[in-house]
Amino acid sequence: QPDEPSTFPSPPTTPSLSLRCRSPSANRPPAAPTTTMMISHLRRAASRAAPSVARRRLSTPAAPASGLMKLNFNLPQETLYDGAEVNSVIVPGAMGEYEVTADHVPIVAELKAGMLTVKHGGDGEDEKYFVPGGFSLTHVGSTTDIVCPEAVKLDDLDPAAVSANYEAAKSKASSAEAGSHAAAEAMIEVEVNKAMGGALGLSLA
């Protein structure tokens with residue numbers, strides 16, 4: 001007696017790979033401009049060289065005095081603060097500005113373009129820097145590490161240059177094709193210059 005035909009159901013049809021995979025270039029947003037571009041705009045707005053920044057050091061890695069915190073503030077090319085004891089640091093967090101003091105809870109935060117203020121207390125004058133971004137890491141033991149691609153003292157920024165750069169960036173953004181790489185670059189340039197203007201007390205609309 002001949003075998004009966006198999007009654008197993010046929011496997012489901014798999015959609016063609018070409019239908020399930022989008023082209024790599026389809027609907028892809030323009031690549032974000034590099035931090036290098038923001039740094040170049042920041043340096044163009046500085047009227048004096050960064051070496052005017054005083055480096056703060058401790059001779060020994062001792063624990064900070066009561067009520068003080070220890071600050072390490074580093075750029076790729078130099079160290080601005082190396083274990084310096086300060087009262088507090090106000091950082092421009094991406095989720096909002098906040099102040100780090102002694103015994104602050106551990107926290108890691110990404111920084112946005114804005115003003116970073118180091119408070120020395122007593123007779124020490126507060127130091128204000130404009131940073132284009134970076135990271136702040138606060139550890140147990142009242143120590144905070146800040147790493148930024150660049151930092152310029154607020155006094156070294158030229159308000160006229162910031163205003164001119166802002167207007168030029170706005171013009172570039174309005175003439176760029178929507179959604180293009182050039183438009184993304186121009187918008188970042190607008191935001192960085194606007195943040196610099198805000199740190200300087202300028203009204204840039």
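**Exercise 1. Determine how strand β4 is joined to strand β7, and name the bridge partner of Ser88 in β7.**

Solution. Strand β4 covers residues 88-93 and strand β7 covers residues 114-119; the two run antiparallel and are joined by three bridges. The model examined here is a predicted one. Within this pairing, Ser88 has Lys119 of β7 as its bridge partner.

**Exercise 2. Establish in which sense β7 and β8 pair, over how many bridges, and which residue of β8 is the bridge partner of Val118.**

Solution. Begin with the sense of the pairing: β7 and β8 are antiparallel, and five bridges connect them. Next, take the individual residue: Val118 is bridged to Glu127 in β8. Strand β7 thus appears in two pairings, with β4 and with β8.

**Exercise 3. Find how many aromatic pairs the whole structure contains, and classify the pair formed by Phe73 and Tyr81.**

Solution. Step one is the search, which returns three aromatic pairs for the whole structure. Step two concerns Phe73 and Tyr81, whose ring centres are 6.3 Å apart with 15° between the planes. Planes under 30 degrees apart count as stacked, and the pair of Phe73 and Tyr81 is accordingly stacked. Step three is burial, for which the cut-off is under 20% relative accessible area. Phe73 has a relative accessible area of 0% and is therefore buried. Tyr81, also listed at 0%, is buried.

**Exercise 4. Classify the pair of Phe73 and Tyr129, and explain which parts of the sequence the pair ties together.**

Solution. First, the geometry: the centres of Phe73 and Tyr129 lie 5.5 Å apart and the planes make an angle of 85°. An angle over 60 degrees counts as edge-to-face, which is the class of this pair. Second, the location: Phe73 belongs to strand β2 (residues 69-74), whereas Tyr129 belongs to strand β8 (residues 127-131). The pair therefore ties together parts that are 56 residues apart in sequence. Third, the surroundings: both Phe73 and Tyr129 are buried. Finally, Phe73, Tyr81 and Tyr129 make up one aromatic cluster.

**Exercise 5. Describe the protein as a whole by its secondary structure, burial, contacts and exposed area.**

Solution. Count the elements: the protein has four helices and 11 strands. Turn to burial: 37% of its 205 residues count as buried. Then consider contacts with a separation of 6 or more: 59% of them are between residues 24 or more positions apart. Lastly, the exposed area is about 12100 Å², of which carbon and sulfur atoms supply 55%.

Notes. Residues are numbered from 1 along each chain as its sequence is written. This is a predicted model: local features need pLDDT of at least 70, side-chain atom pairs count only at pLDDT 80 or more; totals for chains, interfaces and linings use all residues. Side-chain values use heavy atoms; hydrogens and water are left out. Rings of Phe, Tyr and Trp (its six-membered ring) pair if their centres lie within 6.5 Å; planes under 30 degrees apart count as stacked, over 60 as edge-to-face and the rest as tilted. Buried means under 20% relative accessible area, exposed over 50%, partly exposed in between (1.4 Å probe, protein chains only). Two strands pair if DSSP finds at least two bridges between them. Contact means heavy atoms within 4.5 Å. Accessible areas come from the Shrake-Rupley method with a 1.4 Å probe; for residues, only the protein chains shown count as cover.
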